[in-house]
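Work through the exercises below in order. Try each task before you read its solution.

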Amino acid sequence: QVQLVESGGGLVQAGGSLRLSCAASGRGFSDYAMGWFRQAPGKELEIIATITWNSGRTFYADSVKGRFTISRNNAKNTVYLQMNSLKPEDTANYYCAAETSPDSVVPGTTSRNYGLWGQGTQVTVSS
């Protein structure tokens, strides 16, 4: 059973940085596009970034473009989200997810495209 486990969340002041990691157990990680989502209290789940299986294409939501960077290391079965210039509005629970179908060249940007989810890691940005 493949599992995704996020880490790296925490409390940071506005303007600071955090690096989230999502480690996948099991085989097949390198075949799947990955995404990062977030959900703030009382708000809907929001796509943050996606990356294809070979890191050839990335996508960023407008709200994080220029501040966040998604990357992956298939040898380590891990996807990362580097978050710089954090703002209080970035406060949310962050989730990584794997697309349902392998070898996607244009990863989906909605949650229904993703079939495997981590448990989430909380990011809190103080003003």
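A polar contact is a pair of N or O atoms within 3.5 Å; within protein, one atom must be able to donate a hydrogen and the other to accept it, and residues adjacent in sequence count only if both atoms are side-chain atoms. The model is predicted: local features need pLDDT of at least 70, side-chain atom pairs count only at pLDDT 80 or more, and totals for chains, interfaces and linings use all residues. Residues are numbered from 1 along each chain as its sequence is written, and side-chain values use heavy atoms, with hydrogens and water left out.

**Exercise 1. Place Thr78 and describe its surroundings.**

Step 1. Find the element. Thr78 belongs to strand 8, residues 78-83. Strands (E, at least two residues) and helices (H or I, at least four) are DSSP runs, numbered from the N terminus.

Step 2. Is Thr78 buried or exposed? Buried means under 20% relative accessible area, exposed means over 50%, and partly exposed lies in between (1.4 Å probe, protein chains only). Thr78 has 9% relative accessibility, so it counts as buried.

Step 3. Look for a polar partner. The Thr78 side chain reaches the backbone oxygen of Lys76 at 2.8 Å.

Step 4. List the contacts, meaning heavy atoms within 4.5 Å. Not counting residues up to four places away in sequence, Thr78 touches Ser21, Cys22, Ala23, Phe29, Arg72 and Asn73.

Step 5. Follow two of these names. Arg72 lies over the face of Phe29, at 4.5 Å from the ring centre. A charge sits over a ring if NZ of Lys or CZ of Arg is within 6 Å of the ring centre and within 35 degrees of the ring normal. Arg19 lies over the face of Tyr80, at 4.0 Å from the ring centre.

**Exercise 2. Describe the largest nonpolar core.**

Step 1. Fix the term. A nonpolar core is a set of buried Ala, Val, Leu, Ile, Met, Phe, Trp, Tyr and Cys residues joined through side-chain atoms within 4.5 Å.

Step 2. Count its members. The largest core has 28 residues. Those with the most contacts inside it are Trp36, Leu81, Met83 and Tyr94.

Step 3. Name the contributors. At least two residues of this core come from each of strand 3 (18-24), strand 4 (34-39), strand 5 (46-51), strand 7 (68-73), strand 8, strand 9 (92-99) and strand 11 (121-126).

Step 4. Check Tyr94. Leaving aside neighbours within four places in sequence, its contacts include Trp36, Leu81, Met83 and Arg38.

**Exercise 3. Trace the salt-bridge network around Arg38.**

Step 1. Place Arg38. This residue is in strand 4. Its relative accessibility is 5%, so Arg38 counts as buried. Its side chain makes a polar contact with the side chain of Tyr94 (2.9 Å).

Step 2. Fix the term. A salt bridge is a side-chain nitrogen of Lys or Arg within 4 Å of a carboxyl oxygen of Asp or Glu. The structure holds four of them.

Step 3. Take Glu46. It forms a salt bridge with Arg38, with the closest N and O atoms 2.9 Å apart. Glu46 is partly exposed, at 29% relative accessible area.

Step 4. Take Asp90. It also bridges to Arg38, with the closest N and O atoms 2.9 Å apart. Asp90 is in the loop between strand 8 and strand 9, Arg38 in strand 4, and they are 52 residues apart. Both Asp90 and Arg38 are buried.

Step 5. Add Arg67. Its side chain meets that of Asp90 in a salt bridge (2.7 Å, N to O). Arg67 lies in the loop between strand 6 (58-60) and strand 7 and Asp90 in the loop between strand 8 and strand 9, so the pair ties together parts 23 residues apart in sequence. Arg67 and Asp90 are both buried.

Step 6. Join the pieces. Arg38, Glu46, Arg67 and Asp90 are linked in a network of salt bridges.

**Exercise 4. Work out how Phe37, Tyr114 and Trp117 are linked.**

Step 1. Fix the term. Rings of Phe, Tyr and Trp (its six-membered ring) pair if their centres lie within 6.5 Å; planes under 30 degrees apart count as stacked, over 60 as edge-to-face and the rest as tilted. The whole structure has three aromatic pairs.

Step 2. Take Phe37 and Trp117. Their pair is tilted, 4.8 Å centre to centre with 50° between the planes. Phe37 is in strand 4 and Trp117 in strand 10 (residues 114-117), 80 residues apart.

Step 3. Take Tyr114 and Trp117. The ring centres are 6.4 Å apart and the planes are at 65°, so this pair is edge-to-face.

Step 4. Combine them. Ring pairs link Phe37, Tyr114 and Trp117 into a cluster.
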